[in-house]
Protein chains: 4
Amino acid sequence: MGIQGNKKELIRQAAINIISKYGFYNTTTASIAEEAGVAVGTIYNYFTSKEGILEYIFAVELEKRISYLKKIAGKDKSIYEKIEFFLEKHFTEIKENPSLGRILVREKDFSRKKGNIAINEYLNKLPLLIEELLNKSIEEKALEPCNTYLISTALFGAIQGIVERAVGEDDFNMLNQASRELVKILRKGI
Amino acid sequence: MGIQGNKKELIRQAAINIISKYGFYNTTTASIAEEAGVAVGTIYNYFTSKEGILEYIFAVELEKRISYLKKIAGKDKSIYEKIEFFLEKHFTEIKENPSLGRILVREKDFSRKKGNIAINEYLNKLPLLIEELLNKSIEEKALEPCNTYLISTALFGAIQGIVERAVGEDDFNMLNQASRELVKILRKGI
Amino acid sequence: MGIQGNKKELIRQAAINIISKYGFYNTTTASIAEEAGVAVGTIYNYFTSKEGILEYIFAVELEKRISYLKKIAGKDKSIYEKIEFFLEKHFTEIKENPSLGRILVREKDFSRKKGNIAINEYLNKLPLLIEELLNKSIEEKALEPCNTYLISTALFGAIQGIVERAVGEDDFNMLNQASRELVKILRKGI
Amino acid sequence: MGIQGNKKELIRQAAINIISKYGFYNTTTASIAEEAGVAVGTIYNYFTSKEGILEYIFAVELEKRISYLKKIAGKDKSIYEKIEFFLEKHFTEIKENPSLGRILVREKDFSRKKGNIAINEYLNKLPLLIEELLNKSIEEKALEPCNTYLISTALFGAIQGIVERAVGEDDFNMLNQASRELVKILRKGI
DNA sequence: GATGAATGAGTATTCATTCAT
DNA sequence: AATGAATGAATACTCATTCAT
């Protein structure tokens, strides 16, 4: 099982490399197999379909984000500090693995097709968790009542937009100050 | 063809309907032709490729947005009012033509492929124009100096994120208050 | 009618230019029309099909060759002189209009398709007329009896082969001595 | 696949059957696949394109002809005997596989398009090898100096013309005496 | 006669997935 | 578990021809 896990992980990494380079549609299972150094058929021992690989990539990342948010939730910090902590984690991850960032903002639209559960989870659950964070703060009188639904949506959009731009211009410096700047706006506008 | 360009417009509309429904990749030229009530070949009398249709859709919308921004730029209003005006226009357009909204947030990722100029223009020029708006306000001492590059990127991302969610949940009510709410944040945070 | 004839000729010339350049299959009726400065529809007032244009090109050339052969047939010359005269005419024509030569050797294979009468006429009738020339010489005791069927076929093949090579190397100098050299072989071998 | 290359050979044979029957342009990959009893996709596991199949057919035949010529070159025979031997081999091959002959004379014109290397090789290299044979004979004083360039071109043209006619009339009897007759002409004219 | 917009049948090629070894 | 040859459905695009003006 240790070995099996290794191979699935091997394919996941290969897929990230190739998909971030060519896009999901232009990526063939053959090229993923080649990058991973396995036969095409082997992919299908670990994933049910090409789409399944992409789902898995998103699922792994969603898991990480959820764990960050859970970790923060309990802490004795202001809502702004909590958000900044989360953003910092997210942007750092992408700075360290730009290929992943590329996929996270660019391949999400593939989710439309059928019920691409994992990707939709990522796109829906993250804003939701941010919303919950805000709601809890309001309950605790640590934040004025506000339209948390819209704010969490806008914030998630802003995050994605910033990553999109970094990825598009292949310049990840913007991500260094992004979390602080974004939170500054949340604190007192521009 | 009595009216010039009628047929190109006919195809554009048909394409919006079909692409918003199935996604660009799952849309066949045959289905666009059928929706438009023309032969496949006719499409190619007005567009050079299937991709060209999508480009044209984006180009038309970009044109509209640019004209809004030009109209506002000259007006004697605060930066916040200007942004709200622009957002209002954008969200209204999408409420009235949700199919278009769907395409505007979902099919942009197709732009990666080659030099999909029109789509990249839409994605790059709009943030840029917002940035210019902010810069001008700073010059005119109507706004405190700030990271306009990041803010315009975040704002454009927030806009896209909100449309994405409305489109995803097929509920466009959020768009009614979105412009006001977003500007409220820009004014004084959450 | 003078005018009508002009336009048909105009299209024939345009077709020769374009077909020799791109080959018959890669030539579109649109490009012929453009080269001729007429509308596509106009072509169909003078020809029943694209194929019909090619047929006409061959028919015109066949007519010329037949008239040469008729002219020679009556003359008081040796069979070798007669053949040389014919070859000279043929090669000269091609030197002066290489585009035509290109078509004459390269587009013949299109004839297979259906009953491309004119092209088959060119390919069949010319060897036949040479054969008749030879047969008449034998009757007149001016030539030893021989396999005129095979010889005329081989001679026509040799002619085509020489033009093919000139056309392929885009060097028409070979054609200057070709008629003399070929007849020399017919006279006494190599 | 027990025997290596079986499938490529299977497809080559099927392609010869179909192409000789309908011509290259009128042959669909689907029909080749059907004739070969494989799926269309399988063709593309062995050839890069439809055109590639035709190239391969020519390449195989060129190889055979080259080996004949090499075999003769060393022998202690007169130039006429050598040529006759080669012609005999060529014509026999075509008598035994008329489909192949059809392709060899009819589909060569496809070569124009791009760099259809194999077909051009066939058309260029064969005359060249004949020319070399003649040149060597001249060097060895076994043949009078003559325009070997033109003669080899004419001879190759004659060969092609004879096959063309046999193929056109679907009567391969002519090929029985063709080599002897042609060499007779080369020896002492008609 | 001239035009050229509209037509739509026709086809090479790709590639995710399978399954016998 | 691993392999990779075989599969065949799916689709953008072309272009000869027509015909209403």
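A residue is taken as near a strand if its C-beta atom, placed from the backbone, lies within 6 Å of it. Helices are DSSP runs (H or I, at least four residues) numbered from the N terminus. The model is predicted: local features need pLDDT of at least 70 and side-chain atom pairs count only at pLDDT 80 or more, while totals for chains, interfaces and linings use all residues. Residues are numbered from 1 along each chain as its sequence is written, and chains are lettered from A and ligands numbered from 1 in the order in which they are written.

The surface near DNA strand F receives at least two residues from each of α1 (2-22) and α3 of chain A, α2 (29-36) and α3 of chain B, α2 (29-36) and α3 of chain C, and α3 of chain D. Of the 32 residues around this strand, A39(A), G41(A), G41(B), G41(D) and T42(D) come nearest. By class, 13 are nonpolar, 15 polar and 4 charged; Ala, Val, Leu, Ile, Met, Phe, Trp, Tyr, Cys and Pro count as nonpolar, Asp, Glu, Lys and Arg as charged, and the others, Gly among them, as polar.

Around DNA strand E there are 32 residues, of which G41(B), T42(B), A39(C), G41(C) and G41(D) come nearest. The elements that each supply at least two residues here are α2 (29-36) and α3 (40-46) of chain A, α3 (40-46) of chain B, α1 (2-22) and α3 (40-46) of chain C, and α2 (29-36) and α3 (40-46) of chain D. The surface near strand E has 13 nonpolar, 15 polar and 4 charged residues.

Contact between residues is defined by C-beta atoms, placed from the backbone, that lie within 7 Å. Chain A and chain B each give 30 residues to their contact. On the side of chain A, α8 (148-169) and α9 (174-188) are the elements that give two or more residues, and α8(A) gives the most, with 12. This side divides into 14 nonpolar, 7 polar and 9 charged residues. Chain B and chain C do not touch, their nearest C-alpha atoms being 13 Å apart. Chain A and chain D do not touch either, with nearest C-alpha atoms 13 Å apart.

Within chain D, the axes of helix α1 (residues 6-22) and helix α4 (residues 50-73) come within 10 Å and cross at roughly 100°. Axes are lines fitted to C-alpha atoms, for helices over the stretch in contact, and angles run from 0 to 180 degrees between N-to-C directions. The two helices are therefore roughly perpendicular, a term that covers 65 to 115 degrees. I11(D), R12(D), A15(D), I16(D) and I19(D) of α1(D) meet I53(D), L54(D), Y56(D) and I57(D) of α4(D). This contact has 8 nonpolar, no polar and 1 charged residues.

A residue is buried if 20 or more other C-beta atoms lie within 10 Å of its own, exposed if 12 or fewer, and partly exposed in between. A nonpolar core is a set of buried Ala, Val, Leu, Ile, Met, Phe, Trp, Tyr and Cys residues joined through C-beta atoms within 7 Å. The largest such core has 107 residues, and A15(C) and A15(D) have the most contacts inside it. A second, separate core of 104 residues includes I190(A), I18(B), V105(B) and L155(B).

In chain C, helix α6 (residues 98-106) is mostly covered, with 7 of its 9 residues buried. K71(C), in helix α4 (residues 50-74), is partly exposed, with 13 other C-beta atoms within 10 Å.

Definitions and conventions:
Parallel < 35°, antiparallel > 145°, perpendicular 65-115°, else oblique. Contact = placed C-beta atoms within 7 Å.
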